[in-house]
Amino acid sequence: MTAARALAAATAALLALGGVAACSDGGRGSDPDKVDVVAAFYPLQFLAERIGGDRVAVSNLTRPGAEPHDLELNPRQVGQVVDAELIVYLTGFQPAVDEAVEQNGGDRAFDVAGVAPLLDAAAGGHEHEGEAGHEEGSGGRDPHLWLDPTRLATVGDRLAERLGRADPDHAADYTTRAGALRAELTKLDAEYAEGLRTCQRREIVTSHTAFGYLAEHYELEQIGLTGLTPESEPAPQRLAEVAKEAREHRAGTIFFETLVSPKVAETIARTVGARTAVLDPIEGPPAQGDYLTAMRANLQTLRTALDCS
Ligand SMILES: [Zn+2]
Ligand SMILES: [Zn+2]
């Protein structure tokens, strides 16, 4: 073959490759060299990006600033679910995603709720002996598992296996990155255990009941203004109960969240003479840094609010 013919052949091969990619991606703009991962909301995006590294292209179904619980999917987003090579989601957290995965996910869906048994909705809650619990007793499961870093590490290990099946050539890379992330999450866990070991109080008054895993793992007790899903207007009776609890336990701080209006927390805080502070359930991307940054900011907030030494 002459040099000119070789060049022509190579060009034709490149054109053919480009053509194949253009056909297969259906206008998604995806990179044919990478595994297309769709994450349902931020902590799962964080995991997929950290473990996938430069081998994956991750998109998030929940746009920044949106409250993910009540996410609704537009046709373009359903298209993302249809086209994805791997969908990382959590059943019971976002009903619209559950439905889209059920209809279109096939065997490309990875449900992180299936990695380890979920806690009961009332876990990490706060009860007095001889009284009915504060939780509405829905008997449901708590989806907020990412707020226990040790659980998130285990989900990461399983995700690495799953990515390794989708992209066997790079399976070892996924395992390595999941191990590195596990080391960081283990360090974070140790900081929490140490930082929350000796505190004047252990009750946390939160906006919605998102912190059950954190409370369970670090022996705190959560008093939530609303249930597992944020509500803008909790029942007046619930507000009165929480105000009573906050007084009884001398809670100096009422927590509110980044993606939910602080109004109710502010009302309670005024009623009982407490401050408010942000405790981020990390359901959306943090304003600064990543999951680890937000968890460390939460730890500092908790240490101050609970007078930990
Ligand atoms: Zn939540
Ligand atoms: Zn109490």
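Two strands are taken to pair if DSSP finds at least two bridges between them; strands (E, at least two residues) and helices (H or I, at least four) are DSSP runs numbered from the N terminus. The structure is a predicted model, in which local features need pLDDT of at least 70 and side-chain atom pairs count only at pLDDT 80 or more, while totals for chains, interfaces and linings use all residues. Residues are numbered from 1 along each chain as its sequence is written, and ligands are numbered from 1 in the order in which they are written.

Four strands form an open sheet with parallel pairing in the order S2-S1-S3-S4. Its edges are strand S2 (56-60) and strand S4 (109-111), each of which pairs on one side only. Strand S1 (residues 35-39) runs parallel to S2 and is joined to it by five bridges, with valine 38 opposite serine 59.

The zinc ion (ligand 1) has as protein donors His69 (NE2), His144 (NE2), His208 (NE2) and Glu283 (OE), at 1.9 to 2.0 Å. Donors are N, O and S atoms within 2.8 Å of the metal (3.2 Å for Na, K and Ca); water is not among the atoms, so sites may look incomplete. Angles of 100 to 114 degrees among the four donor atoms make the zinc site tetrahedral, a term that requires all angles of four donors to lie between 85 and 135 degrees. Along the chain the donors of the zinc ion follow the spacing H-x74-H-x63-H-x74-E. Histidine 144 belongs to the loop between S4 and helix H5 (149-166) and histidine 208 to strand S5 (residues 203-208), so this pair ties together parts 64 residues apart in sequence.

Conventions. Heavy atoms only, no water. Tetrahedral: all angles 85-135°; square planar, octahedral: opposite > 155°, others 65-115°.
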